[in-house]
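I am opening a notebook page for a structure that is new to me, and I mean to write down what I looked up in the order in which I looked.

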Amino acid sequence: MAHDHAHDKAHAAHDHHHDHDHGHDHAHDHHHGHSHGLGGHHHHGPVDTGDWRYAVGLTVNLAFVAVEFGAGVLSDSTALMADAGHNLSDALGLAMAGGAAWLARRAAGTARTYGYGKATVLAALFNALLLIFACGAIAFEAVRRFAEPAPVGSTTIMIVAGIGFVINLGTALLFMKDQHKDLNVRGAYLHMMADAAVSVGVVIAGGAILLTGWSIIDPIVSLLIVAVIMIGTWGLLKDSVNLALDAAPRGVDVTAIRTAFLGLPGVTAVHDLHVWGLSTTDTALTAHLVHDRPDADALLIEAQTLARKRFEISHTTLQLESGVLPDCPDC
C-alpha cells in the first residue's frame, strides 16, 4: 500500500516568508513518487512502513518476555530478568514504531496539514532514549551483582536465552530488508539484533557459569552487552534528533541540490533553500529561484523534475522571482 501523500495537497501552504506571499509563482509538485530521504532508495508496490511485521514481532516478543521473566525468577538469574526487561523495552519500541507508521499513513487534516508523518520521527527519538534507559537499568543491576554475586540456575539460563536468540533473530530478519529506507524500521532492526546479541551473551554466560561455578560472569556479560547496545543506539539517536530539528535527512546533500538548481538554464541565484524530513521516509524542499527566463512554467517543471529524479524529493515548493526581492538583501 503506497504512502498516503495527503500532505501533498496541503504542503503548498508552506512558505517560510509569509510577508511576501502575494503574486509570486508557487510551485507544488503533485507527483506521488516515494522519496526516501534517509537512504535514498525507491520502493514501489505493497512495501510500507507500518505493516504486519510490527504486529508479529510485538506478539511473539511480549509472550517471550513473560516466559523469560518467570524463568529468571525461578533460576534466580538477574541476567535473565534484565534480558526480559530489555526485551520488554524493545517490544514497547516496536509498538511505538508500528503505531507511528500507522499514524503517518492517516490523512492530513486542516489543522495538521502535514498529517502525522512526524510521529515516526518522534517514535524513533523516543526509541533511542528508551534503549539508553534500558542500558542504564541493566548496568545498574550488573554493578550491584559485583558486590553480592548470587548463585544462578545456569541450565535454565542457557535454554531460555537460546529460545530468545531464535525469536529475536527471526524478528530482526523481518526488518532487515527495509532498514535503510526508514529510520523506524532501522530502529526495530537494531533493537532486535541487539536482543539477539544479548541472548547469545546470556547463553555463553550460562555455559561459563555451568563450567566454572563463578556467578560473577553473569554481571560481567551484562555490562559487555550494554556497551554493544549503546554503540548501536548512538547512530539512531543522532539521526532522529537531526530529523526532529528539521535538519536535512542523512544522505541528502543540500550543497549538491543548490549547485544543481544554479546549473539550470537562466537561474541566476538560489536562496531560502530548505530541505527537511516530513517523516522518517519523506523529504520536503522549499527554495526561491531568481531567474531571467521568459518561460517561467518550463523552468518550474525542470526544477521539480530535477528534485524528483536526481534527489528523490517529491514534495517541492518553489518560488520563482524575476528579480531579487527586498526580503533577501544578501542575495
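**Surface.** I began with the outside, where the protein exposes about 14,600 Å², with carbon and sulfur atoms supplying 69% of that area. Turning to burial, I noted that 51% of the 331 residues of the protein count as buried.

**Confidence.** I have to keep in mind that this is a predicted model, and that its mean pLDDT is 78, with 83% of the residues reaching 70 or more. Over residues 1–50 the pLDDT stays under 50, although the model has 136 contacts beyond four places in sequence for them. Where pLDDT is low, the predicted coordinates should not be read in detail, and I leave those contacts without further comment.

**Fold.** I counted nine helices and four strands in the protein, and along the sequence they follow the pattern α-β-α-α-α-α-α-α-α-β-β-α-β. When I looked at contacts between residues at least 6 apart in sequence, I found that 76% of them join residues at least 24 apart.

**Pocket.** Which helices each supply at least two residues of the lining of the largest pocket? I found that α3 (78–104) and α4 (118–147) do so, and that about 160 Å³ of space lies in this pocket. The lining includes Ala82, His86, Leu88 and Leu92, and also Leu130, Phe133, Ile138 and Glu141. By kind, the lining residues divide into eight nonpolar, three polar and one charged.

Key
Residues are numbered from 1 along each chain as its sequence is written. This is a predicted model: local features need pLDDT of at least 70, side-chain atom pairs count only at pLDDT 80 or more; totals for chains, interfaces and linings use all residues. Side-chain values use heavy atoms; hydrogens and water are left out. pLDDT is the predictor's confidence in each residue, from 0 to 100. Contact means heavy atoms within 4.5 Å. On a 1 Å grid over the protein atoms alone, a cavity is a set of points where a 1.4 Å probe fits but cannot get out, and a pocket is an open set with protein on both sides within 12 Å along at least five of seven lines; lining residues have an atom within 4 Å of a point. Grid points are joined across faces, edges and corners, and a volume is the space filled by probe spheres set on the points. Ala, Val, Leu, Ile, Met, Phe, Trp, Tyr, Cys and Pro count as nonpolar, Asp, Glu, Lys and Arg as charged, and the others, Gly among them, as polar. Buried means under 20% relative accessible area, exposed over 50%, partly exposed in between (1.4 Å probe, protein chains only). Accessible areas come from the Shrake-Rupley method with a 1.4 Å probe; for residues, only the protein chains shown count as cover.
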